[in-house]
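Here's a walk through one sheet, one cavity and a few odd backbone angles. Have the model open while you read.

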Amino acid sequence: MAKSYGDASSSSRLGKGLQLSTELDVTDYIIAPDPGAPRLTRAVEGVDQNGEVSRISVVEERPLTIYLNAQEIVTAMTIGDYPEYLALGFLRNQGMLLSDDKITRVDYDDDLETVVVRTARETSYEDKLKKKTRTSGCAVGTVFGDMMEGLEDVRLPRVTVRTSWLYDLASKINRTPSLYLEAGAIHGTILCRENRPLVYMEDVGRHNAVDKIAGWMLSEREAPEDKILYTTGRLTSEMVIKTAMMGIPVLASRSGFTAWGVEIAREVGLTLIGRMRGQRFVCLAGEDRLVRDADPASVSVEDKKHRRKSASGNA
């Protein structure tokens, strides 16, 4: 059955059914993970190394076809939550939705597994769709057109980042009940302000998770200038480009970097921080914007039970 969500600026419509935070470690969130949602995982039986029957939760993966007006754009493999945000964010990050576009409707059909984003402006992207680039994500994605298109004019605001915020964020995010901790095989992306995590999205590909964040920001008219984007995945060129195009000045991760990602971050003025684990992190772009107000020696070593590993060991 089709679901109509109307104008994308309406949080009461696009936000229908959001998982609001209630637990101790997620009280700061506007949107928190919902690891118990029945559609997101499936119990599967297997045999372990000792020949014993083992029953574990595995992440669901389903197709979602995104349309912009009458044109089919892409079919993405996704866990299936927040399809409207994923569609909006994908189209915005691909440059197919312009900053001044009026979005008239967002229609999601659960049976057909499609989202149609409708705009007042007539759109056609035949030429752009002919040029595809495979991304480096674990769940391989696709981007269209020149990945660097429009990036030459991006100069992000010079905002300071307190190291105490980074340590607080890492601690809070690692303790957050999540689909990753429930079943593994998934990436998380979290929109933050200072030391407060706001919106936590997960998906089989980090590109989908960040697109959901972009879609939420677009629908809520959320300003990017004071935000930090935290991801559990690698800091690749795609992640850096998407973060920069969203206008977010700080990107942080538990994982490492690619050389091109670092180069682009330095060009656009993005503060890039990786390998955030316990007391440690490495900043490869924007180091002059760090305010070192926390002594690493005073930060607790990351507890094993809070490390981002699957509860069943299949991360």
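What follows starts with the sheet and ends with the cavity.

First, the ground rules: this is a predicted model, where local features need pLDDT of at least 70, side-chain atom pairs count only at pLDDT 80 or more, and totals for chains, interfaces and linings use all residues. Residues are numbered from 1 along each chain as its sequence is written, and side-chain values use heavy atoms, with hydrogens and water left out.

**The sheet**

Six strands make an open sheet with mixed pairing, in the order S12-S11-S13-S14-S15-S16. Strands here are DSSP E runs of at least two residues, helices are H or I runs of at least four, and both are numbered from the N terminus; two strands pair if DSSP finds at least two bridges between them. At the edges sit S12 (196-203) and S16 (280-285), each pairing on one side only. On average, neighbouring strands of this sheet are turned by 20 degrees against each other, direction ignored.

Three of the pairings look like this:

| Strands | Sense | Bridges | An opposite pair |
|---|---|---|---|
| S11 and S12 | antiparallel | seven bridges | Leu191 and Val199 |
| S11 and S13 | antiparallel | five bridges | Ile190 and Tyr230 |
| S13 and S14 | parallel | four bridges | Thr231 and Ser253 |

Along S11 (residues 187-193), Cys192 also stands opposite Ile228 in S13. Six of the seven residues of S11 are buried, so the rest of the structure largely encloses this strand. Buried means under 20% relative accessible area, exposed means over 50%, and partly exposed is in between (1.4 Å probe, protein chains only).

In a regular strand, side chains alternate between the two faces of the sheet. S14 (residues 250-253) is covered on both faces: Val250 and Ala252 are buried on one side, and Leu251 and Ser253 are buried on the other.

Which helix packs on the sheet and touches S11, S12, S13, S15 and S16? That's H4 (residues 163-175), whose direction makes about 45 degrees with that of S12. H8 (residues 259-268) packs on the sheet too, touching S15 and S16, and its direction makes about 65 degrees with that of S16. Contact means heavy atoms within 4.5 Å; axes are lines fitted to C-alpha atoms, for helices over the stretch in contact, with angles from 0 to 180 degrees between N-to-C directions.

**Positive phi**

S11 and S12 form a hairpin with two residues between them, and Glu194 in that turn has a positive phi of about 55 degrees. Arg275, a non-glycine residue, has a positive phi near 55 degrees, and its place is in strand S15. Glu113 is another non-glycine residue with a positive phi, again near 55 degrees. Glu113 lies in the loop between S6 (103-109) and S7 (114-119), and counts as partly exposed at 25% relative accessibility.

**The cavity**

How many cavities of 30 Å³ or more does a search of the whole structure find? Just one, and the largest cavity has a volume of about 60 Å³. A cavity is a set of points on a 1 Å grid over the protein atoms alone where a 1.4 Å probe fits but cannot get out, and lining residues have an atom within 4 Å of a point. Points are joined across faces, edges and corners, and volume is the space filled by probe spheres set on them.

Glu113 is one of the lining residues, as are Arg62, Asp81 and Tyr108. S4 (62-68) and H2 (83-93) are the elements giving two or more residues to this lining, and S4 gives the most, with three.

Technical notes: 1 Å grid on protein atoms, 1.4 Å probe; cavity = no way out; pocket = protein on both sides within 12 Å on 5 of 7 lines; lining within 4 Å.
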